[in-house]
Structures are given as structure tokens and as C-alpha cells.
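Work through the exercises below with the model open. Try each task before reading its solution.

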Amino acid sequence: MTQKKWKENFIRIEPYSAGEQPESDDVIKLNTNENPYPPAPGVAAALRAAGIDGLRRYPQADGKDLRLALAAARGTDPASVFVANGSDEALALAFRAFFNSKKPVLFPDVSYSFYPVWCDLFGIPYRRPATDGDFRIRVRDYAAENGGVVLANPNAPTGIALTLFEIEEILSSNRDSVVIVDEAYVDFGACSAIGLISKYENLLVTQSFSKGRALAGLRLGAAFGCADLIAVLGAVKNAFNSYLVDSVAAAAGVASLADGAYFEKRTAQVIATRERFAAVLRGMGFSVTDSAANFLFVTHADLDAAALMRYLKGRGILVRHFSLPRIERYLRITVGTDAEMDRLTEEISCFLQKS
Ligand SMILES: *Cc1c(COP(=O)(O)O)cnc(C)c1O
């Protein structure tokens with residue numbers, strides 16, 4: 001018998017599984033909620049200007065230029081802004097920084113599947129109140145005693161958004177723990193809670209450059225909250241890596257924020273395509289949740305969702321299926337270009353005829 005006693009000391013953790021990233025370019029990729037359009041033109045110029053020589057130097061430790069650009073764009077104090085390598089990093093650090101109670105952290109049963117992974121990694125107890133029959137979050141569930149609250153708004157993978165009024169109801173019943181609102185998809189139709197950070201000092205809002213700004217490959221995200229929250233986040237980040245973001249990503253992020261008109265035009269296009277495609281799907285007998293994000297969460301009474309996912313994959317179209325309780329009959333489909341959604345519509349029609 002081989003003795004590998006050192007393995008007894010390994011952390012036991014179930015990894016988060018991200019959507020597939022295919023090697024080939026000739027697939028229609030609607031499985032990870034990426035933006036179908038390129039980043040703002042100014043991003044290319046910023047990347048060229050960043051140059052190779054600049055790479056010799058460490059970046060700004062406090063990500064100042066990007067933080068100032070975000071503060072200006074969101075109308076907050078720069079001391080209320082934290083930047084990180086993707087909002088996933090901001091969220092992971094926030095879980096470590098703010099969830100140190102013995103009471104459970106609360107997040108919905110159907111939500112971003114990274115939340116339980118971070119809880120397990122950091123040994124944080126959690127409880128997952130059930131969303132209602134339409135996957136809507138029940139605000140009163142979050143009035144229970146807790147060690148923190150995390151809500152994605154719009155929620156993933158349902159796309160359903162809470163109103164600001166509902167967010168504020170949750171905040172007003174949670175004065176004693178940190179409430180995190182994950183706004184990875186807020187650009188596509190939900191109302192941001194950033195305006196509430198001065199009123200609720202225990203509110204942290206995270207945002208991403210990956211979806212709305214088409215910069216998933218850069219790994220840029222941000223968090224907004226009162227200066228006390230941001231200082232603790234900074235201390236935790238510093239304990240892992242003392243540079244908030246790399247210099248190239250920071251320059252590209254600033255350039256993206258500078259072009260508001262481009263951003264508005266592209267997000268409006270994604271929203272228009274989403275609404276058109278949702279209507280097409282409903283016409284084909286699908287139920288589609290009311291999505292305020294850049295994806296649709298869909299089910300069809302006569303179809304096996306996993307079988308449809310596999311069929312589409314064989315036809316060169318990737319969509320996401322989760323083998324999880326309550327949602328195994330659903331697919332999450334990223335909104336691509338109109339042409340991509342038309343190709344998908346044709347393939348779904350073929351599948352419906354065969355089954
Ligand atoms: C995509 C996503 C994130 C993380 O995005 P980053 O690419 O790390 O900025 C966070 N929360 C939810 C709900 C997401 O879907």
C-alpha cells in the first residue's frame with residue numbers, strides 16, 4: 001500500500017466549473033455570456049499605447065487611474081472604489097473579508113454557482129432560501145438572522161432582476177451584516193444599487209468589465225462601497241497580491257469607460273436582440289423568464305434540455321445546461337448577434353420537428 005499521508009492535508013474542494021471554451025473558432029458560442037461585439041475602439045488604441053517597455057515596471061499598486069475613471073463614471077468617491085482581476089476576484093476577496101460569522105450567509109437556491117464554492121473554500125456556513133415557483137427571490141427570506149447576504153442582480157442563470165425598492169427592503173432588514181449585490185449583468189437592464197452605498201455602509205456592489213464591456217479576457221472587475229469596506233478589501237487583496245490590477249488591463253479599462261456612446265449602442269443592440277429572440281422562442285412553445293441580462297433562461301414542456309444542448313453542440317452551437325436540482329429542464333442561452341440567434345432558431349426548429 002502506498003503511503004501518501006501528505007495528501008491527507010490537502011484542502012477538499014469541489015471546483016467551480018466554467019462553461020466550455022472550444023479550441024475551434026467556427027462554433028457559435030452562446031454558453032458563457034460573452035459579448036458578441038468587440039470592445040470599444042479606444043481599447044485597441046490604449047493597448048497599443050501601453051507598449052512593451054511599460055511592462056518592465058510594476059503597475060500602480062492602488063489601481064488609481066482606473067479607480068478614478070470608475071468613480072467619475074459612477075458618481076462616487078474614489079475611496080469607495082476597489083478594482084480587481086475580474087469581479088469573481090472582487091467577490092472571492094469580499095467573501096473572505098466580510099463573511100467571518102458563525103451564522104450562515106444567505107443566497108438563493110438558484111443563483112451563481114460560484115457562491116457555494118467560495119463558502120466551501122473559506123469555511124463559511126451558508127443557507128440557500130428557495131426562490132419561488134417562477135424563480136423569483138422572496139425578499140422576506142432575507143430578513144432571517146445571517147452572517148451576510150449575496151444577491152446577483154440580475155440573478156444568474158435566470159436573468160430575473162430585483163427592483164431597487166426590493167434591494168432596499170433587504171438592506172433595511174440587514175443592518176448587522178454585509179450585503180453584497182453582484183451586478184455582473186446590470187448593464188443589460190437592471191437598476192444599479194451603487195446609489196445606495198452612501199446610505200447603507202454595509203452594502204458592497206460588484207460590477208464586471210466582462211459582459212457589458214466585452215472585456216472578459218482582460219479579467220477586470222470592480223467593487224463599490226463605503227471607504228471602510230474598501231479598505232478591508234484592499235488589505236485582503238494585498239495579503240495575496242499587492243497590485244490590484246495589471247497595467248495593461250487598467251489602461252484598457254479606462255479606455256472602455258471613456259466611450260460611453262459605443263457602450264450604450266452595443267448594449268441597446270444586445271437588449272433588442274434578446275427581446276426579439278425571446279418572442280421567437282415563446283412562439284415555438286418555450287417558457288422564457290423575464291431576463292434583464294444578456295442571456296435567456298428557457299424551458300420547453302416537450303423537450304429534454306440536455307438532449308437539445310447536445311444536439312446543438314453537434315450542430316456547432318454551444319449553450320449552457322446545468323445538471324442541478326430545479327433547473328435541469330432549462331437551458332441558459334447567451335444573446336449573440338441577430339445572425340447567430342437566427343441560426344440557433346433554425347436548429348431548434350429542426351430539433352423540435354424530429355422530437
Ligand atoms: C460572469 C459573472 C461574474 C464574474 O465576472 P468576471 O468575468 O469575473 O468579472 C460574477 N457574477 C456573475 C453572476 C457572473 O455571471
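## Exercise 1: A short parallel pair

Task: In which sense do strand 3 and strand 5 pair, and over how many bridges?

Solution. Strand 3 covers residues 105-106 and strand 5 covers residues 148-152. The two pair in the parallel sense over two bridges. V105 stands opposite G148 in strand 5. Helices (H or I, at least four residues) and strands (E, at least two) are DSSP runs, numbered from the N terminus. Two strands pair if DSSP finds at least two bridges between them.

This is a predicted model: local features need pLDDT of at least 70, side-chain atom pairs count only at pLDDT 80 or more, and totals for chains, interfaces and linings use all residues. Residues are numbered from 1 along each chain as its sequence is written, and side-chain values use heavy atoms, with hydrogens and water left out.

## Exercise 2: The seven-stranded sheet

Task: Find the strand order of the open sheet with seven strands, then its edges.

Solution.
1. The order is 2-8-7-6-5-3-4, with mixed pairing.
2. Strand 2 and strand 4 (126-127) are the edges. Each has a single partner strand, so one side of each lacks a neighbour in the sheet.
3. Strand 2 pairs with strand 8 (residues 221-224) in the antiparallel sense, over four bridges. The bridge partner of F82 in strand 8 is A223.

Task: Are the residues on the two faces of strand 2 buried or exposed?

Solution. In a regular strand the side chains alternate between the two faces of the sheet. Strand 2 spans residues 81-84. V81 and V83 lie on one side, F82 and A84 on the other. These four residues are all buried. Buried means under 20% relative accessible area, exposed over 50%, partly exposed in between (1.4 Å probe, protein chains only). Helix 2 (residues 64-74) lies across strand 2, strand 7 (203-208) and strand 8. Helix 2 runs at about 125° to strand 2. Axes are lines fitted to C-alpha atoms, for helices over the stretch in contact, and angles run from 0 to 180 degrees between N-to-C directions.

## Exercise 3: Two crossing helices

Task: Describe how helix 3 and helix 6 cross, and what lines their contact.

Solution.
1. The axes of helix 3 (residues 87-98) and helix 6 (residues 227-240) come within 9 Å and cross at roughly 105°.
2. The two helices are therefore roughly perpendicular to each other. The cut-offs: under 35 degrees is roughly parallel, over 145 roughly antiparallel, 65 to 115 roughly perpendicular, the rest oblique.
3. Helix 3 contributes E89, A90, L93, A94, R96, A97 and F98 to the contact. Helix 6 contributes L229, V232, L233, V236, K237 and F240. Contact means heavy atoms within 4.5 Å.
4. The contact residues divide into 10 nonpolar, no polar and three charged. Ala, Val, Leu, Ile, Met, Phe, Trp, Tyr, Cys and Pro count as nonpolar, Asp, Glu, Lys and Arg as charged, and the others, Gly among them, as polar.

## Exercise 4: The five-stranded sheet

Task: Give the strand order of the open sheet with five strands, and place its helices.

Solution.
1. The order is 1-11-12-10-9, and the pairing is mixed.
2. Strand 1 and strand 9 (286-288) stand at the edges, each with a single partner strand.
3. Neighbouring strands of this sheet are turned by 35° against each other on average, direction ignored.
4. Strand 9 and strand 10 pair in the antiparallel sense over three bridges. V288 stands opposite V298 in strand 10.
5. Helix 8 (residues 260-283) lies across strand 9, strand 10 and strand 12 (330-334), at about 0° to strand 10.
6. Helix 9 (residues 305-314) lies across strand 9, strand 11 (317-321) and strand 12, at about 160° to strand 11.

Task: Which residues does F297 touch, not counting residues up to four places away in sequence?

Solution. F297 is found in strand 10 (residues 295-300). F297 is buried, at 0% relative accessible area. The residues touched are F135, P157, T158, S287, V288, T289, I327, Y330, L331 and R332.

## Exercise 5: Backbone exceptions

Task: Where are the cis peptide bonds at P154 and P157, and where do N33 and A214 lie?

Solution. Most residues other than glycine have a negative phi, and most peptide bonds are trans.
1. The N153 to P154 bond is cis, with omega near -5°. A cis bond also joins A156 and P157, with omega about 0°.
2. P154 sits in the loop between strand 5 and helix 5 (164-172). P157 is in the loop between strand 5 and helix 5.
3. N33 has a positive phi near 60°. N33 lies in the loop between strand 1 (28-30) and helix 1 (41-50), and is buried at 1% relative accessibility.
4. A214 has a positive phi of about 55°. A214 lies in the loop between strand 7 and strand 8, and is buried at 17%.
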